[in-house]
Amino acid sequence: MANLGIPRNTIEILQRYHFNFQKKYGQNFLVDVNVLDRIIAAAEITREDCVLEIGPGIGTMTQYLAESAREVVAVEIDRNLIPILEDTLSGYDNVTVINEDILKLDIRKIVEERNGGEPVKVVANLPYYITTPIIMGLFESKVPLKSITIMVQKEVADRMQVGPGTKDYGALSLAVQYYAKPEIVANVPPNCFIPRPNVGSAVIRLTRYDTPTVRVQDERKMFSLIRASFNQRRKTLVNGLCNAAELRLSKERVTGVLEEMGLPPAIRGEALTLEQFARLSDLL
Ligand code: SAM
């Protein structure tokens, strides 16, 4: 099968199948062989690996993955792409395509069935409109994972990687950094896709920690505190937390704990490290 990373081969397939792009599914197909090589190299795929691909599109990256992995499971929501994938992936016997919404799928079950519950690698050029729910879903539902190597909007990649005190720092940075080590491996301009997206993109690799970097008694509680602190970015941490009714915290209590931690009462959430959020959660 022709390499779909070459633009004219992708165009030929799109025309042959009279494919109509569905904006609602975030369809921007990658057409750059160098970027495809970079993604495969960054994901360090070997013949031992079982790879989960989210949104294979017409199968461009799936072909690359099938060449280097033991097995690939690709989950695609758009049923119009299924006959195309049957065609473009017909030369591979190690690919399974599942026509489903990734957000509704029991991924742990798939990993159990396909890889005996052993950790898989996730590789994807993600549909940008659901980047955060996909990543958080993978981490929070404790899907056995080695790494996640994904193309995302550049801004979102930055948010995952930064530390406290920067404008991009927020709940996503903390959540990702709790579970994994993030590294941006490539910046990718809009002209590497058909059609071109309106935003810049980046490939980021998230390498799962065996155990989270910080210890906290109640993970869920810490993340509720984090979300409440960044909900009202311009407010102080005390106000952010006390305004979140579900947390049922009084000003005195939060101020007291901040004092115990040696932090000023007017501090904002964006100044706290993950370790400090963990301590705050334990003390509260
Ligand atoms: N992997 C292909 C490539 O690199 O050319 C396509 C990437 S495109 C950015 C995102 C893909 O995700 C599309 O094929 C789209 O139909 C699919 N998609 C969108 N929402 C999805 C969902 N909820 N579950 C599974 N696939 C989805």
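In the predicted model, the protein is divided into domain 1, spanning residues 7–208, and domain 2, spanning residues 219–283. The centres of domain 1 and domain 2, taken over C-alpha atoms, are separated by 34 Å. Contact between them involves 13 residues of domain 1 and 13 residues of domain 2.

The largest nonpolar core comprises 66 residues, and within it Leu 241 and Leu 280 have the most contacts. At least three residues of this core come from domain 1 and at least three from domain 2. A second core, separate from the largest one, holds 34 residues, among them Leu 4, Ile 39, Tyr 64 and Tyr 128. When residues up to four places away in sequence are not counted, Leu 280 touches Leu 225, Leu 237, Leu 241, Val 257, Leu 258, Met 261 and Leu 272. Leu 241, one of the two residues with the most contacts inside the largest core, is thus also a direct partner of Leu 280.

Helix H8 (residues 171–179) is mostly covered, with eight of its nine residues buried. These are Leu 172, Ser 173, Leu 174, Ala 175, Val 176, Gln 177, Tyr 178 and Tyr 179. The elements against which the buried residues of H8 pack are helix H6 (131–140), helix H7 (154–161), strand E7 (180–188), strand E9, helix H9 (219–231) and helix H12. Strand E9 covers residues 201–208, and helix H12 covers residues 274–283.

The packing of helices H2 and H3 was examined next. Two packed helices are described by the angle between their axes and the distance between the axes. Helix H2 (residues 33–43) packs on helix H3 (residues 60–68) at an angle of about 45°, and their axes lie 10 Å apart. The two helices are therefore oblique to each other, an angle between 35 and 65 degrees falling in that class because it is neither roughly parallel nor roughly perpendicular. The crossing of H2 past H3 is right-handed. On the H2 side, Val 33, Leu 36, Asp 37, Ile 39 and Ile 40 take part, and they meet Thr 60, Met 61, Tyr 64, Leu 65 and Ser 68 of H3. Ile 39 of H2 and Tyr 64 of H3, both in this interface, are also included in the second core.

Eight of the nine residues of H3 are buried, so this helix is largely enclosed by the rest of the structure. The buried positions in H3 are Thr 60, Met 61, Thr 62, Gln 63, Tyr 64, Leu 65, Ala 66 and Ser 68. Thr 60, which is found in H3, has a relative accessible area of 5% and is buried because this value is under 20%. Apart from neighbours within four places in sequence, Thr 60 is in contact with Leu 4, Gly 5, Thr 10, Leu 30 and Leu 36. Leu 36 is one of the H2 residues in the interface with H3, and Leu 4 is included in the second core.

Thr 46 lies in the loop between H2 and strand E2 (50–54). With a relative accessible area of 36%, Thr 46 is partly exposed. Residues up to four places away in sequence aside, Thr 46 touches Ser 68, Ala 69 and Arg 70. Ser 68 is also among the H3 residues that meet H2. Thr 46 and Phe 21 are 25 residues apart along the chain, and their C-alpha atoms are separated by 32 Å.

Several loop positions show particular backbone features. Ile 194 and Pro 195 are joined by a cis peptide bond, with omega about -15°. Pro 195 is located in the loop between strand E8 (193–194) and strand E9 (201–208). His 18 is not a glycine, yet its phi is positive, at about 45°. This residue, His 18, is placed in the loop between helix H1 (7–16) and strand E1 (29–30), and its relative accessible area of 66% makes it exposed. A positive phi near 45° is also found at Arg 248, likewise a residue other than glycine. Arg 248 belongs to the loop between helix H10 (237–243) and helix H11 (251–260) and counts as exposed at 77% relative accessibility.

Gly 262 is found in the loop between H11 and helix H12 (274–283). Its relative accessible area is 61%, and Gly 262 is exposed. Gly 262 and Arg 47 are 215 residues apart in sequence, with a C-alpha to C-alpha separation of 51 Å.

Terms used: Residues are numbered from 1 along each chain as its sequence is written. This is a predicted model: local features need pLDDT of at least 70, side-chain atom pairs count only at pLDDT 80 or more; totals for chains, interfaces and linings use all residues. Side-chain values use heavy atoms; hydrogens and water are left out. A nonpolar core is a set of buried Ala, Val, Leu, Ile, Met, Phe, Trp, Tyr and Cys residues joined through side-chain atoms within 4.5 Å. Buried means under 20% relative accessible area, exposed over 50%, partly exposed in between (1.4 Å probe, protein chains only). Domain bounds come from an automatic or database domain assignment. Contact means heavy atoms within 4.5 Å. Axes are lines fitted to C-alpha atoms, for helices over the stretch in contact, and angles run from 0 to 180 degrees between N-to-C directions. Helices (H or I, at least four residues) and strands (E, at least two) are DSSP runs, numbered from the N terminus. Angles under 35 degrees count as roughly parallel, over 145 as roughly antiparallel, 65 to 115 as roughly perpendicular and the rest as oblique. A crossing is left-handed if the near helix is turned anticlockwise from the far one by less than a right angle, and right-handed if clockwise.
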